[in-house]
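Please look over the sequence and the model shown here before reading on. The report that follows takes up a few regions in turn, and each paragraph can be checked against the coordinates.

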Amino acid sequence: MSALLEVEDLVAGYAGSRVLDGVSLSLDAGEAVTLLGRNGVGKTTCMETIMGLVKPSSGSVHVDGRDVTGRPPHVVSRSGVAIVPQGRRVFAPLTVEENLAIAARKSGEWSVKRVYELMPRLAERRSNLGSQLSGGEQQMLAIGRALLCSPRVMLLDEPSDGLAPTVVEQVGKILVDLAQTGLAILIVEQDLRLAFDVADRVVVMTKGQIVHESTVAEFRKDAARAQALLGVG
Ligand SMILES: Nc1ncnc2c1ncn2[C@@H]1O[C@H](COP(=O)(O)OP(=O)(O)OP(=O)(O)O)[C@@H](O)[C@H]1O
Ligand SMILES: [Mg+2]
């Protein structure tokens with residue numbers, strides 16, 4: 001098994017409903033892949049199942065050859081995967097600095113200082129409460145928090161959600177910089193410009209299965225296929 005993240009035939013869902021119906025995808029070290037699909041097809045469930053937040057009923061998740069299928073989130077986190085969840089979920093009553101301090105580890109490549117260097121806006125806002133931040137600042141904080149686990153794979157669930165276009169661009173730049181450091185990125189996005197700026201490869205999910213895989217360049221050339229799969233283009 002050579003991929004850094006290898007998801008095979010994953011089946012998962014919620015009481016009485018099967019959402020993932022045999023999802024397979026893989027991510028190499030340093031690669032950025034965008035997971036696209038219409039609303040409700042199971043993109044968030046896929047990320048949450050990889051992260052151990054939803055238990056799969058079958059299939060497997062390997063990180064760097066290590067089987068983490070169905071393991072709790074802190075074990076998956078230790079194996080090198082971090083999630084930036086849909087809706088960001090920063091702690092509103094805590095300051096930026098406190099939000100980061102909670103996530104900080106004693107060792108690892110990332111420190112609060114390095115997060116501030118990557119996103120100086122967070123340093124400027126370090127004493128502000130989570131509830132006082134703009135959407136873009138909250139997104140940066142959520143990214144910073146994930147980075148403090150010093151992940152090798154970062155899962156991002158709709159980072160552009162609710163952000164103004166100029167802010168989406170700033171978040172995109174941060175993600176492109178991160179991809180260049182060798183971090184592998186799996187990004188779910190509705191904003192295709194952001195998805196295509198960040199990713200090298202596209203996978204498309206419909207009804208709990210991956211139905212298309214190609215490079216971003218190939219996908220962009222085929223507007224009819226994009227329209228059929230996503231209803232856009
Ligand atoms: N906690 C839950 N309990 C029960 N059903 C859920 C739960 N979370 C999601 N679902 C259902 O699972 C299906 C897939 O949801 P999911 O959030 O994974 O889709 P998604 O592709 O991320 O959608 P969106 O584009 O709207 O974010 C939907 O039918 C949803 O209603
Ligand atoms: Mg979702």
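## Helix α1 and its surroundings

In this predicted model, the buried residues of helix α1 are Lys43, Thr45, Cys46, Met47, Glu48, Thr49, Ile50 and Met51. Because 8 of the 9 residues of α1 are buried, the helix is largely enclosed by the rest of the structure. Thr44, at a relative accessibility of 23%, counts as partly exposed, since buried means under 20%. Just after the helix, Gly52 adopts a positive phi of about 90°.

Thr45, which lies in α1, is buried at 7% relative accessibility. Once its neighbours within four places in sequence are set aside, Thr45 is in contact with Tyr14, Val19 and Leu20. The helix also lies across five strands, namely β3 (32-36), β6, β7, β8 (184-188) and β9 (201-206), and runs at about 150° to β7.

## The magnesium ion and ligand 1

Which residues coordinate the magnesium ion (ligand 2)? The ion is held by OG1 of Thr44 and OE1 of Gln86, at 2.0 to 2.4 Å. Thr44 belongs to helix α1 (residues 43-51), whereas Gln86 sits in the loop between β6 (81-84) and α3 (96-103), so the pair ties together parts that are 42 residues apart in sequence. Like Thr44, which is partly exposed, Gln86 is partly exposed, with a relative accessible area of 28%.

These two residues also belong to the surroundings of ligand 1, which are made up of Tyr14, Val19, Asn39, Gly40, Val41, Gly42, Lys43, Thr44, Thr45, Gln86, Glu158 and Gln190. An N or O atom in the side chain of Thr44 is 2.8 Å from an oxygen atom of ligand 1, and for the side chain of Gln86 the corresponding distance to an oxygen atom of the ligand is 3.1 Å. Gln190 also takes part, with a polar side-chain atom that lies 3.5 Å from an oxygen atom of ligand 1.

## The six-stranded sheet

The strands beneath α1 include members of an open sheet of 6 strands, which has mixed pairing and the order β6-β7-β8-β3-β9-β10. Strands β6 and β10 (209-215) stand at the edges with a single partner strand each, so one side of each is left without a neighbour in the sheet. On average, and with direction ignored, neighbouring strands of this sheet are turned by 20° against each other.

At the β6 edge, the strand runs parallel to β7 (residues 153-157) and is joined to it by 4 bridges, and here Val81 stands opposite Val153 in β7. Helix α6 (residues 135-147) packs on the sheet, where it touches β6 and β7, and its direction makes about 170° with that of β6.

## The β1-β2 hairpin and Glu31

Strand β1 (residues 5-14) and strand β2 (residues 17-27) pair in the antiparallel sense over 8 bridges, and together they form a hairpin with 2 residues between them. In the turn, Gly16 has a positive phi of about 80°, while Gly13 has Arg18 in β2 as its bridge partner.

Is Glu31, in the loop between β2 and β3, buried or exposed? Glu31 is buried, with a relative accessible area of 14%. A polar atom of the Glu31 side chain lies 2.9 Å from the backbone nitrogen of Asp28. Not counting residues up to four places away in sequence, Glu31 touches Ser26, Leu183, Ala184, Ile185, Asp200 and Arg201.

## Two residues with positive phi

Most residues other than glycine have a negative phi. Asp9, a residue other than glycine, nevertheless has a positive phi near 55°. Asp9 is located in strand β1 and is partly exposed, with a relative accessible area of 48%.

Arg89 is also a residue other than glycine with a positive phi, in this case near 50°. Arg89 is found in the loop between β6 and α3, the loop that also holds Gln86, and Arg89 is exposed, with a relative accessible area of 51%.

Conventions:
Residues are numbered from 1 along each chain as its sequence is written. Chains are lettered from A and ligands numbered from 1 in the order in which they are written. This is a predicted model: local features need pLDDT of at least 70, side-chain atom pairs count only at pLDDT 80 or more; totals for chains, interfaces and linings use all residues. Side-chain values use heavy atoms; hydrogens and water are left out. Donors are N, O and S atoms within 2.8 Å of the metal (3.2 Å for Na, K and Ca); water is not among the atoms, so sites may look incomplete. Buried means under 20% relative accessible area, exposed over 50%, partly exposed in between (1.4 Å probe, protein chains only). Two strands pair if DSSP finds at least two bridges between them. Axes are lines fitted to C-alpha atoms, for helices over the stretch in contact, and angles run from 0 to 180 degrees between N-to-C directions. Contact means heavy atoms within 4.5 Å. A residue is near a molecule or strand if one of its heavy atoms lies within 4 Å of it. A polar contact is a pair of N or O atoms within 3.5 Å; within protein, one must be able to donate a hydrogen and the other to accept it, and residues adjacent in sequence count only if both atoms are side-chain atoms.
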